[in-house]
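These entries record what I looked up, going from a surface loop to a helix and then to a second loop.

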Amino acid sequence: MASRHITAGLTEDHVALRNMVKDFVDQRVVPTASEREEKNEYPADLIPELAELGMFGITISDEFGGSDMDYVSYGLIFEELARGWMALASLVYTTSSGGYLINNFGTQEQKQRFLPDIVAGKRMSGIAITEPSTGSDVKKIKLTARREGENYILNGSKIFITHARHADPLVVLVKTDPTIEPAHRGGLSLMLVEQNTPGVRYGSDYDKLGHRGLELCEVIFEDAVVPRSNLLGSEEGKGFYQMMGALDRGRIYMAGASTGIARASLEHALSYAKQRETFGKAIGEHQAIQIKLADMATKVEAARLLYINAALKTDVDGRASAESGMAKIFATEISVEVAYDAMRILGGYGYIKEFPVERYLRDAQLMPIGEGTNEILRVVLAKQLLSESP
Ligand SMILES: Cc1cc2nc3c(=O)[nH]c(=O)nc-3n(C[C@H](O)[C@H](O)[C@H](O)COP(=O)(O)OP(=O)(O)OC[C@H]3O[C@@H](n4cnc5c(N)ncnc54)[C@H](O)[C@@H]3O)c2cc1C
């Protein structure tokens, strides 16, 4: 398996980066991931090591200490991190997404204030879009930000926010033009909400099926006072477009991470299939198991090729919405299938917590839902295909 997950055509830099992250994951993440996950333990001790590896600067320009990596590198990193522990991939993703938005749309003052600390792992970040009454239909958000002198006053709430209590800043989508109902795209803005902002409180953590180790909570804004200087980019009405700009990255992240979960499942199943014997031979010698393994490996390979294709196209053309959407849909769905097949190959051992396969299956379940559900992505993709069709 040593070279199986290196795709032909990657540069030496890509391979070196991927090997660096792989070594870190093998040594520092894999040995403790299941235990930390079971305890729902936030991996604070790994943050300095992730910062040292440059993981928080992958979306940030070198002017602020980052490396602003290409999308292929980005996908490879998340494949490796998620192979070890999905919560760690999510921690890096949420923080690097905040970094991406500030790096690409922030004012010079905002960049100087936040980006060096994000790169150094001194500030974490997160993205807050979803509200109790709306998730997929982003334009229907209700959280308002009303101008009052040099501040905005925020009222409303966000739910299902990953990494919310550690985020500093939390990048929050708000309605700056409440006269438009439902909010027109142009009525939305992004606010950089720092920790200890008066009027902001966090609900208790949701107990969730997977992605344990990273909090998921409600964030409530009651006359919360956010300085005007924390409006991302200083111009109102740009939030929807800024957020959409981050979406392709989000899809490549989901596709890369899902490939990582599927690969971890496959690798575990392969190793088990060589050791476990039934009816006088290793189960890997039974054709029923071999067919499963071959199908699993084919799906992992195809998922990786799809996200690398989307990443390469984005690196060349600046955007690849259709390809990123296809990669996200395929990789997230095969991660559930491959993890499930791994569980079947392990038999009863697949279902108990001594083995990580049940964790892979739980973590995989979120992937078709997050970062734009696969149903929505299919609708968007079909519309694009129809509009391009002669
Ligand atoms: C673990 C976890 C972490 C999360 N982290 C974050 C985060 O950090 N920040 C954040 O802002 N949000 C986060 N979310 C929220 C997540 O992004 C939303 O749950 C997701 O976008 C779906 O929104 P919803 O739950 O409101 O579902 P809805 O939008 O209500 O959709 C319900 C169902 O209807 C389908 N559907 C809706 N509209 C259509 C349509 N037009 N055509 C076909 N089908 C449709 C959907 O696909 C889905 O199956 C997280 C959620 C979870 C569970």
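I located Tyr 351 in the loop between helix H8 (321-346) and helix H9 (357-364); helices (H or I, at least four residues) and strands (E, at least two) are DSSP runs, numbered from the N terminus. The model is predicted: local features need pLDDT of at least 70, side-chain atom pairs count only at pLDDT 80 or more, and totals for chains, interfaces and linings use all residues. Residues are numbered from 1 along each chain as its sequence is written, and side-chain values use heavy atoms, with hydrogens and water left out.

I checked the accessibility of Tyr 351 and found this residue exposed, at a relative accessible area of 67% (buried is under 20%, exposed over 50%, partly exposed in between, with a 1.4 Å probe and protein chains only). Together with Tyr 349 and Ile 352, Tyr 351 makes a nonpolar surface patch of about 340 Å²; patch residues have over 30% relative accessible area and no salt bridge (a side-chain nitrogen of Lys or Arg within 4 Å of a carboxyl oxygen of Asp or Glu), with nonpolar side chains (Val, Leu, Ile, Met, Phe, Trp, Tyr) joined within 5 Å and like charges within 9 Å.

I turned next to H6. Of its 37 residues, 28 are buried, so H6 is largely enclosed by the rest of the structure.

I then looked up Lys 142, which sits in the loop between strand S1 (124-128) and strand S2 (144-148). Lys 142 is exposed, with a relative accessible area of 53%. I noted 8.6 Å between the C-alpha atoms of Lys 142 and Asn 155, which are 13 residues apart along the chain.

Methods:
Accessible areas come from the Shrake-Rupley method with a 1.4 Å probe; for residues, only the protein chains shown count as cover.
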